[in-house]
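Q: I have a model open and want to learn how to read it. Where do I start?

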Amino acid sequence: MRLKTIFKLLFLSVFVLLIAQSCTEDNSFGEDLEVAMLPSDISYPDILDIREFSHIESAAPFMNTNGKPVTFELASIKKDDQFLDDSYLNAVTVLNYSEKESEIEDPNDPDNSWIVITNDLSQMGKVVIEEGNPFANGEYLFSFNISAEINGTMESRMYEDALRLVVGPALTEGISYCPFKMNFVSGESTKSNPVEKFGGNDDVRYELATEADKLNIDPVTGEISLNPSYSISAEETIMPIINVISNISEEVVSFEETFTAVLSTTPIVLDKEKDFFFFPTLKPTARQNVQLGGDGYSNMVVEFHKPDDDWYNEFAYWRGDKNNKAIPPPPTQDAVDARAEAGVSGTNSLELPFWGINAPSDSYLVMDAVNLALYEGCFTSKMVYWTKLNYNTKKMGYEADGSAPIDFEVLISTNYTGDPTTTTWTQVNDILECEINDNGTIFTGTPYPGDQTGADPDGLKDPAKNANKLWVRGELDLEDYKTETSFTVAFRLKTYFDTTPNKPLVGTAELSNVHFVASEK
């Protein structure tokens, strides 16, 4: 009995000692997980496959901060063991944690809730570099300083070369020859002009991917000549594929149909080329929801007329068909010839019926952006369209002072934001070359809407330019914009009265056959 008692006492003593030890040891079981800590290490995935000067984003780094926020600061950037200046540092944004509010309802009282503020750590340490930055081809190493308040004291630590960024050379976006079609005659040393290159790093060379048995290309200038070992026996037209190769990365960009060589034994006079590089059908994406836009354009209604009976709505703005039939394109000979020369079919018109508009109305048809720079130098480019504005003069007319209640505005922009109301536009109505109903008379400036009768407060009415209910061809010379890589044209139909018109507007507006064409000089 005594032995059992001694054994029990011994066991109790050992247990107490173990409990006491566990209360004093600094191990993971007793550690306060609510205290912030600086990570022992941070690990970013390498950023690869990035092009020069383009937008760059890293992932958030892998690290352990006990689930608590820390503050990142960019300390330095190195390239080839050289520290870079502020132009690089200022181009970099390092994201930190943010506070997030959440509302939690009381399960026992639906009318009662709490606002809980938590730290969102998901973006902490993420690096963002916007497009247009100075990061050219090469490898970059980023170092960071991370700080946190730990037990009332600010602590910080440096993490050197934590992020690796590898930037590759920007690749060539396009090439152009002027003239782009040449006759190479047997026995003559004909040579093209040097190629013009658009975009990308200039450290490149040129080679022929096809037709190398018949033609030569200078690897430095891109000049094309006849291969002296090739014997011309008959007229032959070839369009070689031209490779532009980065001397830095050896990446290849191939370009087709950028140069045409006509081989012959005697000289040939070549026809000038014409390229209709944008000629959409303007067919809406969805008949029942024309606000989705369509082929070659987007549609935005800013303000629309909606009478109390709700029979008119924005989904009728710029429809592509009526009575289950597509609205046909202009039948005038100039429009027919343009479609035939471009080789397009299936185009239609977009129509906005007025249907008694009695309140301010404003809408945009924005064409897809085009790259005019591809036709710089060797071509002259223009934008062409047809509109028809129908004032039903039996039911509506001008305002009480004789001014037009509604008209088309033709707008252009080189920095379309995706929202016509926030885009900087230039109105070009006054410089457009116009022709009414293919009548042979071309004049500058769009005709004043309506039948040109009555008072003329704007001083713009001209009975010789009565285009009411007739198709008007408009043309914009693009010489002043030939270097633009993102050129946008929009057609705005806008009312000019403040509250209500003199008479409700009855009639239609139509737009059709919008296209861009480049003609060889």
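A: Start with one side chain, Glu479. This is a predicted model. Glu479 has a relative accessible area of 33%, so Glu479 is partly exposed. The partly exposed class lies between the 20% and 50% cut-offs.

Q: Which residue forms a salt bridge with Glu479?
A: Lys482 does, and the closest N and O atoms are 2.7 Å apart. Lys482 has a relative accessibility of 30%, so Lys482 also counts as partly exposed.

Q: How do I decide what counts as a salt bridge, and how many salt bridges are there?
A: Look for a side-chain nitrogen of Lys or Arg within 4 Å of a carboxyl oxygen of Asp or Glu. By this rule the model has 20 salt bridges.

Q: What does the salt bridge between Lys274 and Glu341 look like?
A: The closest N and O atoms of Lys274 and Glu341 are 3.2 Å apart. Lys274 is in strand β21 (residues 274-278) and Glu341 is in helix α3 (residues 333-342), so the pair ties together parts 67 residues apart in sequence. Check exposure next. Lys274 is partly exposed at 40% relative accessibility. Glu341 is partly exposed at 48%.

Q: Asp362 forms a salt bridge with Arg492. Are these two residues buried or exposed?
A: Both Asp362 and Arg492 are buried. Their closest N and O atoms lie 2.6 Å apart. Asp362 belongs to strand β26 (residues 362-367) and Arg492 to strand β33 (residues 488-495), so this pair ties together parts 130 residues apart in sequence.

Q: Which residues are linked in a network of salt bridges?
A: Asp46, Glu139 and Arg164 are linked in such a network.

Q: Now pockets. How much space lies in the largest pocket?
A: About 490 Å³. Then read the lining. There are 19 lining residues, and Phe180, Glu257, Thr258, Asp275 and Tyr375 lie nearest the centre. By class, eight are nonpolar, four polar and seven charged.

Q: Which elements supply at least two residues each to the lining of the largest pocket?
A: β11 (174-176) and β21 do. The largest share, three residues, comes from β11. You have met β21 already: Lys274 of the salt bridge with Glu341 lies in that strand.

Q: What is the volume of the second largest pocket?
A: About 380 Å³. The second largest pocket is lined by 21 residues, with Asp407, Thr446, Tyr448, Pro449 and Leu460 nearest its centre. β28 (406-413) and β31 (442-444) are the elements that give two or more residues to this lining. β28 gives the largest share, three residues.

Q: How many residues of each class are in the lining of the second largest pocket?
A: Eight nonpolar, seven polar and six charged.

Q: Last topic: sheets. How do strands of a sheet pair?
A: They pair through backbone hydrogen bonds, either parallel or antiparallel. Here, one open sheet has five strands in the order β1-β10-β9-β3-β4, and the pairing is mixed.

Q: Which strands stand at the edges of that sheet?
A: β1 (47-51) and β4 (82-83). Each has a single partner strand, so one side of each is left without a neighbour in the sheet.

Q: In which sense, parallel or antiparallel, do β1 and β10 pair?
A: Parallel, over three bridges. Strand β10 covers residues 153-168. To find the register, look at Arg51, which stands opposite Gly168 in β10.

Note on methods. Residues numbered from 1 in each chain as written. Predicted model: local features only at pLDDT ≥ 70, side-chain atom pairs only at ≥ 80, totals over all residues. Heavy atoms only, no water. Helix = DSSP H or I, 4+ residues; strand = E, 2+ residues; numbered from the N terminus. Buried < 20%, exposed > 50% of the residue type's maximum accessible area, 1.4 Å probe, protein only. 1 Å grid on protein atoms, 1.4 Å probe; cavity = no way out; pocket = protein on both sides within 12 Å on 5 of 7 lines; lining within 4 Å. Points joined across faces, edges and corners; volume = space filled by probe spheres on them. Nonpolar A, V, L, I, M, F, W, Y, C, P; charged D, E, K, R; others polar. Pairing = 2+ DSSP bridges.
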